[in-house]
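Colleague: Got a minute to go through this one with me? I'd like to start with the charged pairs.
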Amino acid sequence: MTKWPLACAMAIVAATLAVTASQRVNAATSSVNVLTYHNNIRRTGLNANEQVLTPSNVAPGTFGKLFSVAVDGYIYAEPLYVSNVSIPGKGVHNVVFVATEHDSIYALAAGTGKRLWKRSLIDPARGITTVSAAALNCTDLVPEVGITGTPVIDPNTQTLYVVSAEFNSNTSKYIQSLHALDLHTGAEKFGGPVKISAAVPGTGYGDGSDTDGKGHVIFDAKMENQRAALLLTGGVVYIAFGSHCDIDEYHGWVLAYDATTLTQLAAFNSTPNGQKGGIWQSGNGPAATGSAIFVGIGNGSYDVSKKNYTNSFVKLSQKTLQVVDYFTPTDQQYLSNNDLDFGIAGPLLLPLQSGPVPYELIGGGKDAILYVLNRANMGKYCDGCNPPDPQVVEKVNPGWLLAMFSSPAYWNGFVYQSSDNGPLIVFTVTDGMLSAFPIARTNATFTYHGATPVVSSNGSENGIVWILLNGNGQGPPTVLYAFRATDLTELYNSSRIARDTAGPGVKFAVPTVANGRVYVGTQTELDVYGILP
């Protein structure tokens, strides 16, 4: 029997442990995917399978910027992540998919940033370019408009769905197109792309006339802003639209397309007999559960007898997009008169609650009130009632909340919310009720409209809240923050070390956390953070 010196034996044990740990990490990296905005169709923002990043190792000495990848346009869309993608001639990779306002999709190796493929959805040689912000007379998206809404990925068919905006200088026409791209190559699938068009009966803005003489409101590819993330559920892709800088004439739209034929199944217009009612949601997508989807609709004409739903959360049937239920605050006219859009941050659908209302939706808007609604019986509009809206489960306005443009996130009985020029705050959730006041707040302030947080954890342990200070996309570098999820103690922020400086900020950008890495989109590059070597 061979006897090993103690030092050698210890080295072997250490090496074995290191290999075992590496195997655990590799096992984790083979299974985690981020296929849609905010991680899931309930829009909770939670990755509960993070086995690398913990509150103990996310710190300035151990965590930081690993590398950057230059891109050709602003990254408004959240980066998406798919494990174990086979790329022809390049092997199998964990891949980050990045969409830019220059109408490009990048497939990048998650560990190194190596470009695996790039697909441009424009063709300048044929006069097809992105849309100039100057042509829209709007500076919400600058300097060009291409891909804004976060794409969505179907892992079963290995397809990425994305909407692009283009201008054809040969015809002077504006176009929006739905693409279905192969994850392995970027090639078009299912006969795509298809040009987006729609018409619904109505006499509102954009009224036209069909062959039977009945008025129809027509989708306007120039005026409609595809800001909200795409939703994929039940074999259907849902696409929502707002506007550019509230410039008339526009409506809110939700369009449903069959995921394998790209055939349009249904169209919902928020104000078919009125005007406005945009669905922006600050990049948040329509949320879904069961047989329904939920969207938040901003200011505009309100009269449900005329099918005009504004300043409301609306519940739509899947595939047919019929209004099943809705909630409108009793002070909707005041909100509309003062440009205090309700619902514009989009919905968060809580997991099943143990209290008297098991199915809940959380959301708010510019009036600085966080609403908890019963999504099984949303309450509609209480005509003649005075606030505080008797049909709601709960309204929270603790004083630390200002106008809300950004969406909340959820983890393990906590709800996280940011607001305009305010801190990130956290509430507890007990039996479906938020704590009357936040249990903690950050020292950091998230200027100009706040930001949308995400959470990583290993189940109910090692919770970390990640959020970006974006500076409204006016030039300052993006700052990546990490906070301990239970009390919002700051763990890390990228502004403290020059090495970790990110690219210039993009409004409402959301970080993606997957397998020990954090992916941050900026105006010029994708920045990647993780455990330092």
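Modeller: Sure. Lys118 and Asp72 form a salt bridge, with the closest N and O atoms 3.0 Å apart. Keep in mind that this is a predicted model.

Colleague: Which parts does that Lys118–Asp72 pair tie together?

Modeller: Lys118 lies in strand S6, residues 115-120. Asp72 is in the loop between strand S2 (63-70) and strand S3 (80-87). So the pair ties together parts that are 46 residues apart in sequence.

Colleague: Is Lys118 buried or exposed? And what about Asp72?

Modeller: Lys118 is partly exposed, at 35% relative accessibility. Asp72 is partly exposed too, at 25%.

Colleague: How many salt bridges are there in the whole structure?

Modeller: A search of the whole structure gives 13. One of the pairs is Lys366 with Asp341, at 3.0 Å from N to O.

Colleague: Where do Lys366 and Asp341 lie?

Modeller: Both are in loops. Lys366 is between strand S27 (360-363) and strand S28 (370-374). Asp341 is between helix H3 (332-337) and strand S26 (348-349). The pair therefore ties together parts 25 residues apart in sequence.

Colleague: Are Lys366 and Asp341 buried or exposed?

Modeller: Lys366 is buried, and Asp341 is buried as well. For that label, the relative accessible area has to be under 20%.

Colleague: Which residues are linked in a network of salt bridges?

Modeller: Lys65, Glu525 and Asp527 are linked that way.

Colleague: Let's switch to strands. What encloses strand S38?

Modeller: The rest of the structure, largely. S38 covers residues 479-484, and 5 of its 6 residues are buried, so it is largely enclosed.

Colleague: How many bridges join strand S37 to S38, and which way do they run?

Modeller: There are 6 bridges, and the two strands run antiparallel. S37 spans residues 461-469. Trp466 stands opposite Ala482 in S38.

Colleague: And how many bridges join S38 to strand S39?

Modeller: There are 3, again with an antiparallel run. S39 is residues 490-493. Phe483 has Glu490 in S39 as its bridge partner.

Colleague: What does the hairpin of S38 and S39 have between the strands?

Modeller: It has 5 residues there. Leu488 in that hairpin takes a positive phi near 60 degrees.

Colleague: Back to Glu490. Which residue does Glu490 form a salt bridge with?

Modeller: Arg496, with the closest N and O atoms 3.1 Å apart. Glu490 is partly exposed, with a relative accessible area of 31%. Arg496 is exposed, at 57%.

Colleague: Now the backbone. Which residue follows Gly192 in a cis peptide bond?

Modeller: Pro193 does, with omega near 0 degrees. Pro193 is in the loop between strand S12 (173-182) and strand S13 (194-195). There is also a cis bond from Asp248 to Glu249, with omega near 5 degrees.

Colleague: Where is Glu249 found?

Modeller: In the loop between strand S19 (236-243) and strand S20 (253-258). Cys245 is placed in the loop between S19 and S20 as well. Cys245 has a positive phi, near 60 degrees, and is not a glycine. Its relative accessible area is 28%, so Cys245 is partly exposed.

Colleague: What is the phi of Asp339?

Modeller: Asp339 has a positive phi of about 55 degrees, though it is not a glycine. Asp339 sits in the loop between H3 and S26. At 37% relative accessibility, Asp339 is partly exposed.

Colleague: Last topic, confidence. What is the mean pLDDT of the chain?

Modeller: The mean is 92, and 92% of the residues reach 70 or more.

Colleague: Which element has the lowest mean pLDDT, and which the highest?

Modeller: Helix H1, residues 6-29, has the lowest, at 36. Strand S10, residues 152-154, has the highest, at 99.

Colleague: Where does pLDDT stay under 50?

Modeller: Over residues 1-30, for one. The model has 10 contacts beyond four places in sequence for that stretch. Residues 209-213 also stay under 50, with 2 such contacts.

Colleague: Why be careful with coordinates where pLDDT is low?

Modeller: Because predicted coordinates should not be read in detail where pLDDT is low.

Notes
Residues are numbered from 1 along each chain as its sequence is written. This is a predicted model: local features need pLDDT of at least 70, side-chain atom pairs count only at pLDDT 80 or more; totals for chains, interfaces and linings use all residues. Side-chain values use heavy atoms; hydrogens and water are left out. A salt bridge is a side-chain nitrogen of Lys or Arg within 4 Å of a carboxyl oxygen of Asp or Glu. Helices (H or I, at least four residues) and strands (E, at least two) are DSSP runs, numbered from the N terminus. Buried means under 20% relative accessible area, exposed over 50%, partly exposed in between (1.4 Å probe, protein chains only). pLDDT is the predictor's confidence in each residue, from 0 to 100. Contact means heavy atoms within 4.5 Å. Two strands pair if DSSP finds at least two bridges between them.
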